[in-house]
Amino acid sequence: MRAKDRVKSKDKHILNLADIVGGARSILYLKVDLVAYDCDGFTIHKHLPKAVVFPKNTQEVAEIVKYCSANNLPFLARGAGTGLSGGAIPLNGEIIISMVRMKKLISVDLENRRAVVEPGFVNLKLTNSISDKGYYYAPDPSSQYCCTIGGNVAENAGGAHCLKYGVTTNHILGLEVVMPNGEIVEIGKDGIPDAPGYDLLGLFTGSEGTLGIVTKITVRILKNPEGKQTVLAYFDRVEDGSQAVSDIISAGIVPAALEMMDKTAIEGVEAAAFPVGHPKDIEAVLLIEVDGIAAGIEEQIDQILEVCRKRDVREVRAAGSEEERARWWANRKTGFGAMGAISPDYLVQDGVIPRSKLPEVLSRINQISSESGLRIANIFHAGDGNLHPLVLFDARIPGESEKALEAGSQCLKVCADVGGTITGEHGVGIEKREEMRFVFTEEEIAAQTDIREVFNPHNLLNAGKLFPSPSRCVEIKKEMKAQAIS
Amino acid sequence: MSVQELDLKQEPPCTSGLGNYLWSDPPDEKKWADCVHCGMCLESCPTYEQTGQEQHSPRGRVHLIKSVAEGTLQVNEQFIDPVFQCLDCRACTTACPADVDVGGLIEEARGQIRQAMPLTGVKGAISKFFLHDLFPHQNRLNTLGGLLKFYQKSGIQKAVRKTKLINVMPQHLVDMESIMPEVKEPVKKKYKDVKVIKAKGETKQEVAMLTGCVMDVMFSDINESTINVLTRNGNDVVIPQSQTCCGALHVHAGDRDMGRKLAKQNMEAFKDFDKVIVNAAGCGCMMKEYAELFKEDPEMHAKAEEFSEKVEDISKFLHDTGYEKPNAEMNTRITYHDACHLAHGQGIRQQPRDILLDIPGVDMVHMPNSDRCCGSAGIYNITNPEMANAVLESKMENVPDDVEMISMGNPGCMLQMAMGVQKYGRNQKIVHTVQLLDWAYQKEDRMKEGEE
Ligand SMILES: Cc1cc2nc3c(=O)[nH]c(=O)nc-3n(C[C@H](O)[C@H](O)[C@H](O)COP(=O)(O)OP(=O)(O)OC[C@H]3O[C@@H](n4cnc5c(N)ncnc54)[C@H](O)[C@@H]3O)c2cc1C
Ligand code: SF4
Ligand code: SF4
């Protein structure tokens, strides 16, 4: 055996896991390598995993899982680690099962409009592999250049174009899952939608990696729309912008995407790698995209221009070329990362609000910003009311991370207070565990952890995520129940 | 790398470091402050593509480098692998929405590693031979004539001639073959006593030219082509004799002291000129970044910044100052490979393509992922052959089947791609962008002579 293939560890678990995945090239256990896995896109909590393993196929995943559960080792799955709520952070020193080497496009079935992928297959690669045949995969999180479809399933990812076509769960036809005991099950076999019985596909999609490890995914693919066009509109007042959004939707138009950025967000994207020249002094920019049959598009665009003009728009126009359209979207889609250009760190929040409440919510967020002394930028999937306040901070300043967390939590409270909720697409993870209490009672949370227990009874898989640690009263009730049974 | 090869007992100097960086010139905090750990760079990285491991990704590398400064990691043997497996291809810098200078951080981190753990043993000897005893000394390089053969062997030129393949090649390719200049003596030597190589016709301006160390020995024909193309388009060309190797290889290897020495020598050699023309992307990129080497020396830093302004790649220079479009038809199908240090390093993508498309009869076929690294990366293919080969293999998969030439703007890439062509049984000719332009000019001249 060559030196590179030798595992230089005395830990028997490391040696045994290495045997399962085929040697040193498929396992990491040195501190320096593990540090690269101590967090994901959510950087406030960090913890080292015990090891990272890189299985090649479902069988290896099942064996790893069996080994971990037999030896009481906590474990979790990780895709590209772009999650924004800490779902892939090994809080308990987990064995991380990295899915990125399972990255094959297994099959494409154009006739039945579906494709089968391994979980490590990168979102955008699916569209890129079928676009020449006139098809695409609709869910388009802004992280689609890098995030995995497995991670998308776990987080039920959404994207700018999910307003019209729905989020990940609307595009999943079947899953192969390794259950926390190592058993391999298929859900939604043969990709037939709406199978009788409980909607297990729905349950697994968005379960944030707490119920099982997805090893194969059958997704729906769509035919490319005949045409698409994007309108850009600048507003001097947020109120006018959000009113325009409501008007567009009440006019019966269903845009493919409807996005808004506020002044601070604009400052960020303009300072970063893909500036397009948005004016710095406007309060809101709207990007409105319509797609569909070519003939209908022009009419819809005219209607949208008209609606915006009625709402005191400063400037509104349709993209002059495909290149311009692409530039507008690149600017928007790199919006989160762009915050790096104006702040050392940022925390993305992910609330959902009734659209009509946007002006009120933004002014309350402004207040949170001035009280905390931290700047907050807002990027808004305006069509479906999914608001991303980005709290800008500097982790090197003692106490500022905590302040950012607190400000983020307050933003979510505002969202819950106006009748919305605390996550639209990024998941709860570690970050919003406590905020679950803004929207669920103790009993409702307990009902959900009961479901988790059915699948993940020893809670070895991705423990400590999604739900707040139970408060005393529920714990006592559980204990009483346990006593009654025994 | 085994422990024996490393000398861990180097005592740090008594300068103020940063966290666990104990040596001077540590990685620059400002560079990682912009990284928000979003992961948008992952898929751009060839070493992440190959391994799927995040310590071999840009985000991971930035995170590790930062962790040393924060005291969670140390500059030790384990730290070497993630930092030295990086190809320094800069694809991540293009992909990053926050413009994080990952390449710059990597080079600074390498500087720390090499100060803390100088290479000893076999690796040390090889590295010393290349970096100290060879590249900075033009005369030694020149006498290394054997290397010349290497180029001809790895290109198709020799194979084609030996196997008599030339007889079955399409006529226009045979033509091309016949006009391909023979490898000549290094231009720096050749023009030793010529103060100014005069422009043909009216002089528009005077430029200085970097001949490069390896370039001038293995690729002096490209240097000749560069001179021809420059003089043909109204430029007087000066080749300052006191110029030396640009230092890129040294800086990539973590030898920043040597890098500074060479940088100073070049800044001095070119100080009287307004433009320094470079035909090797790697050298151009390095010279544009000399200021990075002098962060702790404000005076030199300012000088280096001024100097960087003067450095320009030949394709951008021609594009910006104008060039005569050749009249002769070249009739060939080609594809273009974006050298990392042109595309990612200097943002030069369209200019060379425009030049090639201005040559009549050039049919350009798109290469998918054309700005993906070929694995050459300075002497990376010598130091990390396994990764370099894996990266080369995926590069070659993207080279279209039906092209006759692959054009590019960097000698390192040319060697690596020539190797790829040979290894994977392909038959493309590897050319530099200015060569193709020069051949078109020459063909035009010959046609005119024939008419007369
Ligand atoms: C710049 C940026 C922009 C973003 N934009 C959007 C957006 O527009 N919309 C959106 O919805 N999200 C967005 N995100 C969040 C993130 O990209 C998504 O949540 C994505 O789905 C995560 O995929 P991943 O492969 O990175 O998963 P990871 O981060 O690796 O993991 C996320 C969770 O999924 C679990 N998991 C991963 N793979 C599997 C598997 N095979 N089986 C079971 N569980 C698994 C992990 O345990 C973890 O809990 C953005 C993130 C960034 C950094
Ligand atoms: S280097 Fe840039 S793209 Fe990569 S994680 Fe950091 S900010 Fe994101
Ligand atoms: S320079 Fe190239 S190899 Fe190095 S981290 Fe960036 S993309 Fe990866």
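The following is a conversation between a trainee and a mentor about a predicted model.

Trainee: How do you know which residues and features to trust here, and how is everything numbered?

Mentor: This is a predicted model, where local features need pLDDT of at least 70, side-chain atom pairs count only at pLDDT 80 or more, and totals for chains, interfaces and linings use all residues. Residues are numbered from 1 along each chain as its sequence is written, chains are lettered from A and ligands numbered from 1 in the order in which they are written, and side-chain values use heavy atoms, with hydrogens and water left out.

Trainee: What makes B:Glu54 and A:Arg78 a salt bridge?

Mentor: A salt bridge needs a side-chain nitrogen of Lys or Arg within 4 Å of a carboxyl oxygen of Asp or Glu. For B:Glu54 and A:Arg78 the N to O value is 3.0 Å, so the pair meets the rule. Across the interface of chain A and chain B there are four salt bridges, and the whole structure has 56 over all chains.

Trainee: Why is the link between A:Glu289 and A:Arg325 said to tie together separate parts of chain A?

Mentor: Their side chains meet in a salt bridge at 2.4 Å, N to O. A:Glu289 lies in strand E14 (residues 284–292) and A:Arg325 in helix H11 (residues 322–333) of chain A, so the pair joins parts that are 36 residues apart in sequence. Helices (H or I, at least four residues) and strands (E, at least two) are DSSP runs, numbered from the N terminus.

Trainee: How do you know how many residues of chain A and chain B take part in the contact?

Mentor: Contact means heavy atoms within 4.5 Å. By that rule 46 residues come from chain A and 34 residues from chain B.

Trainee: What makes up the area buried between chain A and chain B?

Mentor: Buried area is the accessible area (1.4 Å probe) that two parts lose on being put together, summed over both. Chain A and chain B bury about 3000 Å² between them, with 54% of it on carbon and sulfur atoms. On the chain A side, A:Val32, A:Ala36 and A:Cys146 lose the most area to chain B, together 18% of what that side buries.

Trainee: What counts as a polar contact, and how many residue pairs in polar contact are there between chain A and chain B?

Mentor: A polar contact is a pair of N or O atoms within 3.5 Å; within protein, one must be able to donate a hydrogen and the other to accept it, and residues adjacent in sequence count only if both atoms are side-chain atoms. Between chain A and chain B the count is 13 residue pairs, both at pLDDT 80 or more. H2(A) gives the most to the side of chain A that touches chain B, with four residues.

Trainee: Why are ten residues on the side of domain 1 of chain B that touches domain 2 of chain B called charged?

Mentor: Asp, Glu, Lys and Arg count as charged; Ala, Val, Leu, Ile, Met, Phe, Trp, Tyr, Cys and Pro as nonpolar; and the others, Gly among them, as polar. That side has two nonpolar, two polar and ten charged residues. B:Asp25, B:Arg90 and B:Glu107 of domain 1 of chain B lose the most area to domain 2 of chain B, together 48% of what that side buries.

Trainee: What else joins domain 1 and domain 2 of chain B?

Mentor: The count between them is six salt bridges. In B:Arg260 and B:Asp25, for instance, the closest N and O atoms are 3.1 Å apart. The two domains bury about 1000 Å² between them, 37% of it on carbon and sulfur atoms. The bounds, domain 1 (3–116) and domain 2 (187–319) among them, come from an automatic or database domain assignment.

Trainee: How many salt bridges cross from domain 1 of chain A to domain 4 of chain A?

Mentor: The rule finds zero salt bridges there, while six residue pairs are in polar contact. Those two domains bury about 660 Å², 58% of it on carbon and sulfur atoms.

Trainee: What makes a residue part of the surroundings of ligand 3?

Mentor: One of its heavy atoms must lie within 4 Å of the ligand. Residues around ligand 3 include B:Cys45, B:Cys86, B:Cys89 and B:Cys92, and the shell divides into seven nonpolar, one polar and three charged. Around ligand 2, the residues include B:Cys35, B:His37, B:Cys38 and B:Cys96.
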